[in-house]
Amino acid sequence: MTSAATHPATLSWRDVPRVPLHESLGAARHMRRDMLGVVGSRFERHGPVVRQGAGPMRMVNLAGPDAARMLLLDREGIFSAKRSWDLIMGRIFTGGLLLRDGDDHRMHRRLLREAFRTPALESYLERMNPMLDDMLRGWDGDDAFLAFPRLKALTLDIACRVFLGMELGEDTRRLNEAFEATVAASMSVLRLPIPGLEFDRGLRGRRFMIEQFEQWIPERRRQRGEDFFSRFCHAVGDDGRPLEDQEIIDHLIFLMMAAHDTTTSTLTSLLYELAAQPEWQERVREEVRGFGKPAIGFEDLLKLPDTAAVIQETLRRYPPLSTIPRVSTAPFEFAGCQIPADVMVVIYPIHTHHMSEWWSDPFRFDPERFLPGRAEHERHSHSYIPFGGGNHMCLGLRFAEMQIKAVLFQLVQRYRWSVPAGYSMPVQQAPISKPTDGLPLRVEAIRS
Ligand code: HEM
């Protein structure tokens with residue numbers, strides 16, 4: 001936490017610079033499209049601590065890696081993830097890991113961790129590779145190819161198989177629809193259970209998923225499957241207590257959401273940058289061809305430095321979660337400003353990832369910055385935070401990286417893809433980064 005000593009003139013909450021109400025209202029419209037622009041200009045004009053809203057809706061925006069370190073490491077235990085995320089998606093993703101704090105969070109995280117360890121990850125990759133072999137066929141035959149919906153369908157099908165242990169079919173389609181409705185509802189502005197409204201569709205989607213999962217639990221408890229669902233059914237805490245049915249269901253529904261949109265978003269941005277930077281696409285292809293096999297093995301995952309750098313740079317330029325919120329449960333001080341309890345405190349990974357103090361030429365896609373020698377991400381412990389940090393750091397980080405590498409490994413060997421000269425992907429940066437045009441690509445098969 002920045003001490004008052006470095007900022008002799010400590011500002012009281014009332015005196016912290018504030019975004020005028022009319023500007024706040026106007027900016028809300030632009031935030032989705034250009035979060036980086038809106039937030040960047042705010043910090044430029046007012047400094048690294050900017051107040052917004054009033055009463056129960058009061059909020060403070062904090063800039064830079066020191067703010068990220070303070071909020072994410074939360075050494076004094078004063079920032080609640082539960083209270084912030086509950087406000088945003090509590091009714092739809094009730095009981096998810098990110099919607100828990102303190103000992104309760106620690107206990108549940110420990111229970112879920114088994115499903116993310118190396119042996120489990122190896123088994124997920126074994127299931128995923130043949131699926132990808134199948135799903136990536138025929139991408140070159142489509143003149144109106146849109147990357148985003150393709151990747152969305154692909155990650156959802158993988159989730160149904162790997163997370164839930166389902167065979168693809170009619171059940172998966174209905175579950176996908178219910179799941180899509182819950183994700184859409186978590187971002188709804190109008191949160192009323194009125195038939196016809198997006199939010200109500202989300203609540204019904206959640207109920208459908210609960211009913212399905214309830215039916216499958218007894219069988220998953222009897223048999224030891226290799227999917228997340230089965231693993232959660234057999235997870236046992238330090239006190240010997242297994243997860244209750246409702247806890248398993250809550251974790252699964254949250255996990256599907258946490259995994260799905262973020263991975264789709266990253267894969268889409270990655271495909272765009274590799275289309276726009278064909279020299280990097282070729283570099284990844286060469287690296288992958290060096291392995292002389294069609295699909296990635298678990299033992300290969302850490303032997304792809306260029307591929308890893310391209311993924312890291314994609315996550316820097318397009319962090320799927322552009323903001324991370326918490327609620328303060330006690331007063332604290334940052335950059336010489338006093339901030340009271342019960343304030344929504346927000347940091348912006350997308351802004352931190354583009355600060356010229358920490359990144360050279362930050363708006364350029366330049367994966368070399370992550371390679372040894374430059375390693376710009378090591379300039380500060382919290383200047384690179386696509387997966388957050390501290391107690392709530394993404395539990396699916398290794399799974400996500402594995403899945404992205406597995407897709408890319410097969411894709412670069414089968415296809416070459418491009419965008420027309422001068423094309424620039426229109427991006428919606430919030431709530432989750434995605435292209436507003438679906439990302440049209442020209443995909444050509446590579447004949448070997
Ligand atoms: C590129 C893909 C992904 C990105 C960028 C990402 C990003 C994040 C971030 C930033 C957080 C922390 C949010 C906060 O502190 O408020 C988070 C938490 C989480 N993520 Fe991910 N995520 C990704 C993929 C996944 C996948 C594939 C899974 C599961 C298989 C997953 C499961 C989770 C879980 C369970 C949490 C909550 C952890 C906790 O509260 O202890 N994520 N993720």
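**Exercise 1. The open sheet.** Determine in which order the five strands form the open sheet, and which strands stand at the edges.

*Solution.* The five strands follow the order 1-2-7-4-3 in an open sheet whose pairing is mixed, where strands are DSSP runs of E with at least two residues, helices are runs of H or I with at least four residues, and both are numbered from the N terminus. Two strands count as paired if DSSP finds at least two bridges between them. Strand 1 (49-52) and strand 3 (79-80) are at the edges, each with a single partner strand, so one side of each has no neighbour in the sheet. The model is a predicted one, in which local features need pLDDT of at least 70 and side-chain atom pairs count only at pLDDT 80 or more, while totals for chains, interfaces and linings use all residues. Residue numbers start from 1 along each chain as its sequence is written.

**Exercise 2. Partners of strand 7.** Work out in which sense strand 7 pairs with strand 2 and in which sense with strand 4.

*Solution.* Begin with strand 2 (residues 59-62), which pairs with strand 7 (residues 344-347) in the parallel sense over four bridges; here Met59 has Met344 as its bridge partner. Turn next to strand 4 (residues 324-328), which runs antiparallel to strand 7 and is joined to it by four bridges. On this side Val327 is also bridged to Met344, and Pro325 stands opposite Val346.

**Exercise 3. Helix 8 against helix 10.** Describe how helix 8 and helix 10 cross, and which residues meet.

*Solution.* The axes of helix 8 (residues 198-222) and helix 10 (residues 245-276) come within 10 Å and cross at roughly 125 degrees, the axes being lines fitted to C-alpha atoms over the stretch in contact and the angles running from 0 to 180 degrees between N-to-C directions. Helix 8 is therefore oblique to helix 10, since angles under 35 degrees count as roughly parallel, over 145 as roughly antiparallel, 65 to 115 as roughly perpendicular and the rest as oblique. Residues in contact have C-beta atoms, placed from the backbone, within 7 Å; on helix 8 they include Arg206, Phe213 and Glu214, and on helix 10 they include Asp245 and Leu252.

**Exercise 4. The ligand shell.** Identify which residues come nearest to the ligand, and which helix gives the most to the shell.

*Solution.* Of the 22 residues around the ligand (C-beta atom, placed from the backbone, within 6 Å), Ala259, Thr262, Gly388, Cys394 and Gly396 come nearest. Helix 10 gives the most, with six residues.

Methods
Two residues are in contact if their C-beta atoms, placed from the backbone, lie within 7 Å.
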